[in-house]
Amino acid sequence: MKLENGIHTTNYFDTFIEVAEDIKLDTAKIPEEKNGKKTIASMQYEMLSKKPYKYTSDEVLFQIYADRNDLTKEEYEEARKAYFSKGQACFRASPLTKQYGFGVHFDHKGKMALYGMETKEYQAFLKDKGIKKEKAMRSSRK
């Protein structure tokens, strides 16, 4: 979504992103590192599982970009402007929602938390008529 100032955002509000229709899991799976390196999925999971409802989507995505590109804190402001000057994939495209079985709830402030697809909370969000639902993107094309 593009904001008035020409900057793009990936933030949602009062929304629940459901797992992808073609997911091959029955329960959520915690993403692991590969070859001793953190993956995007493991980095997203780490941030969101440790501090639910602390971060917005933009904050998580930019922090992971900054970490993977070894940016210093002094470089953040300029890099953030450049990063969000073009559209970025939102959490509908996250491996957490596409492959690992996590739904993502965004509260009224845009802060987010993860819920495994097997949990009561996940099911409650599906039934909640007060929040918008979005499906994660499919992993494969039909």
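Start by selecting the charged side chains: the chain carries 27 positive and 22 negative ones, and the centres of the two sets lie 4 Å apart. Keep in mind throughout that this is a predicted model.

Next, show the whole chain as a cartoon. Five helices and four strands should appear. Followed along the sequence, they come in the order β-α-α-α-α-β-β-α-β.

Now step back to the overall dimensions. Along the principal axes, the C-alpha atoms fill a box of roughly 40 × 40 × 35 Å. The radius of gyration is 15 Å, which agrees with the value near 14 Å for a compact globule of 142 residues.

Switch to a surface view. The accessible surface comes to about 8,800 Å², and carbon and sulfur atoms account for 48% of that. Of the 142 residues, 44% are buried. If you display contacts between residues at least 6 apart in sequence, 70% of them join residues at least 24 apart.

Then select helix H3, residues 76–83. Which of its residues are buried? They are Tyr76, Ala79 and Tyr83. These three cover an arc of only 70° around the axis, so they sit on the same side of H3. The spacing fits a general rule: an α-helix has 3.6 residues a turn, so residues three or four places apart point the same way.

Turn to the other side of H3 and pick Glu77 and Glu78, which are exposed there. Finally, add helix H2, residues 57–68, to the selection. Helix H2 is part of what covers the buried residues of H3, namely Tyr76, Ala79 and Tyr83.

Methods: Residues are numbered from 1 along each chain as its sequence is written. This is a predicted model: local features need pLDDT of at least 70, side-chain atom pairs count only at pLDDT 80 or more; totals for chains, interfaces and linings use all residues. Side-chain values use heavy atoms; hydrogens and water are left out. Helices (H or I, at least four residues) and strands (E, at least two) are DSSP runs, numbered from the N terminus. The radius of gyration is taken over C-alpha atoms; the globule rule is 2.2 Å times the number of residues to the power 0.38. Buried means under 20% relative accessible area, exposed over 50%, partly exposed in between (1.4 Å probe, protein chains only). Contact means heavy atoms within 4.5 Å. Accessible areas come from the Shrake-Rupley method with a 1.4 Å probe; for residues, only the protein chains shown count as cover. Lys and Arg count as positive and Asp and Glu as negative; His and the chain ends are not counted. The place of a charge is taken as NZ of Lys, CZ of Arg, CG of Asp or CD of Glu. The arc is that of the directions from the helix axis to the C-beta atoms.
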